[in-house]
Amino acid sequence: MKYNAKDPSFYSSLGIQGKPDKEYICIGVKASNYFMPSEVLSEKGPGGGGWILMDMTLAVKTREGKVWSSDEQGYPRIYAVGDCNYGCVEGPGKPDDWPIPPIPKISYPGEEEAIIAIRNIEKVDKLVFKGIKTTHLGYPLELAMMHWPWGAGMFATSLGPDDACFVAGANWVKNSGLMCVWGSPCAVQKEIIEASKVDECAFGIVGRLIWHFVHHTPVHLFGGGPRWGY
């Protein structure tokens with residue numbers, strides 16, 4: 001059955017006489033960054049725009065591309081992670097060719113962005129307040145760059161209490177990814193994911209053991225992150 005508010009037969013097929021008094025549309029995403037100045041908000045994007053712009057380090061930037069929150073030494077001080085940010089870094093050409101193509105607004109990218117932003121805050125603290133200019137191996141201490149996270153291509157979608165589907169390997173290319181789990185096994189998979197993530201948020205030992213290295217991987221063999229982690 002397809003939604004059609006203008007067709008009287010649509011409501012009658014649902015057993016509703018006439019039209020409802022109020023209609024609530026709960027689909028998609030909408031920006032709620034009203035507390036930020038317009039100069040750092042996108043003019044387009046999901047829901048008509050209003051997302052916080054960020055550079056490759058996740059620092060908030062203006063529409064002209066200037067870091068909005070830099071200190072006296074030029075280091076960024078405010079970062080945007082998760083659903084509030086624009087979800088991409090634009091560049092010349094089509095979105096597929098941008099430095100960071102559009103990222104889905106799901107939990108994994110938000111957590112990955114948070115790890116990168118936290119590491120950058122720690123690095124700026126070392127550079128500015130402790131005078132540390134190099135890593136333990138002698139390399140220059142530089143801010144970490146965001147990338148299109150490989151985990152953003154994994155989706156576990158509920159299709160009812162006993163059914164679901166899981167897609168892995170998707171990216172910014174249309175029709176990419178592979179549905180590798182479906183049916184009741186995937187419903188169980190979603191329950192395990194939900195229970196273990198809630199346990200991690202509650203600082204439970206089981207949840208932390210399962211999820212810690214998802215975003216604290218010491219070595220990256222694929223996925224666009226730095227080889228030796230953040």
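L221 is placed in the segment after helix 4 of this predicted model. Its relative accessibility of 69% is over the 50% cut-off, so L221 counts as exposed. Together with W150, V219, F222 and W228, L221 forms a nonpolar patch on the surface. The accessible area of these residues together is about 640 Å².

W228 also belongs to the description of the largest pocket, whose volume is about 850 Å³. The lining of this pocket comprises 27 residues, and those closest to the centre are R119, K123, W228, G229 and Y230. Helix 2, which spans residues 107-130, contributes the most to the lining, with 6 residues. By class, 13 of the lining residues are nonpolar, 8 are polar and 6 are charged.

The second largest pocket holds about 540 Å³ of space. It is lined by 24 residues, of which S107, M154, A156, I193 and W211 are the closest to its centre. At least two lining residues come from each of helix 2, strand 1 (155-158), strand 2 (164-168), helix 3 (184-201) and helix 4 (205-215). Helix 3 supplies the largest share, 7 residues. The lining of the second largest pocket is made up of 13 nonpolar, 5 polar and 6 charged residues.

Turning to charged side chains, the model contains 6 salt bridges. Three of them are listed below with the separation of their N and O atoms.

| Salt bridge | N to O distance |
|---|---|
| D71 and R77 | 3.0 Å |
| E111 and K197 | 2.7 Å |
| R119 and E122 | 2.5 Å |

In the pair formed by D71 and R77, D71 is buried, with a relative accessible area of 16%, whereas R77 is partly exposed at 35% relative accessibility.

The salt bridge between E111 and K197 links two helices: E111 lies in helix 2 and K197 in helix 3, so the pair ties together parts that are 86 residues apart in sequence. E111 is partly exposed at 26% relative accessibility, while K197, with a relative accessible area of 16%, is buried.

R119, one of the residues closest to the centre of the largest pocket, forms a salt bridge with E122. Both residues lie in helix 2; because they are 3 residues apart, about one helical turn separates them. R119 is partly exposed at 23% relative accessibility, and E122 is likewise partly exposed, at 37%. Elsewhere, E111, K197 and E200 are joined into one network by salt bridges that share partners.

Key. Residues are numbered from 1 along each chain as its sequence is written. This is a predicted model: local features need pLDDT of at least 70, side-chain atom pairs count only at pLDDT 80 or more; totals for chains, interfaces and linings use all residues. Side-chain values use heavy atoms; hydrogens and water are left out. On a 1 Å grid over the protein atoms alone, a cavity is a set of points where a 1.4 Å probe fits but cannot get out, and a pocket is an open set with protein on both sides within 12 Å along at least five of seven lines; lining residues have an atom within 4 Å of a point. Grid points are joined across faces, edges and corners, and a volume is the space filled by probe spheres set on the points. Helices (H or I, at least four residues) and strands (E, at least two) are DSSP runs, numbered from the N terminus. Ala, Val, Leu, Ile, Met, Phe, Trp, Tyr, Cys and Pro count as nonpolar, Asp, Glu, Lys and Arg as charged, and the others, Gly among them, as polar. Patches are made of residues with over 30% relative accessible area and no salt bridge: like charges are joined within 9 Å, nonpolar side chains (Val, Leu, Ile, Met, Phe, Trp, Tyr) within 5 Å. Accessible areas come from the Shrake-Rupley method with a 1.4 Å probe; for residues, only the protein chains shown count as cover. A salt bridge is a side-chain nitrogen of Lys or Arg within 4 Å of a carboxyl oxygen of Asp or Glu. Buried means under 20% relative accessible area, exposed over 50%, partly exposed in between (1.4 Å probe, protein chains only).
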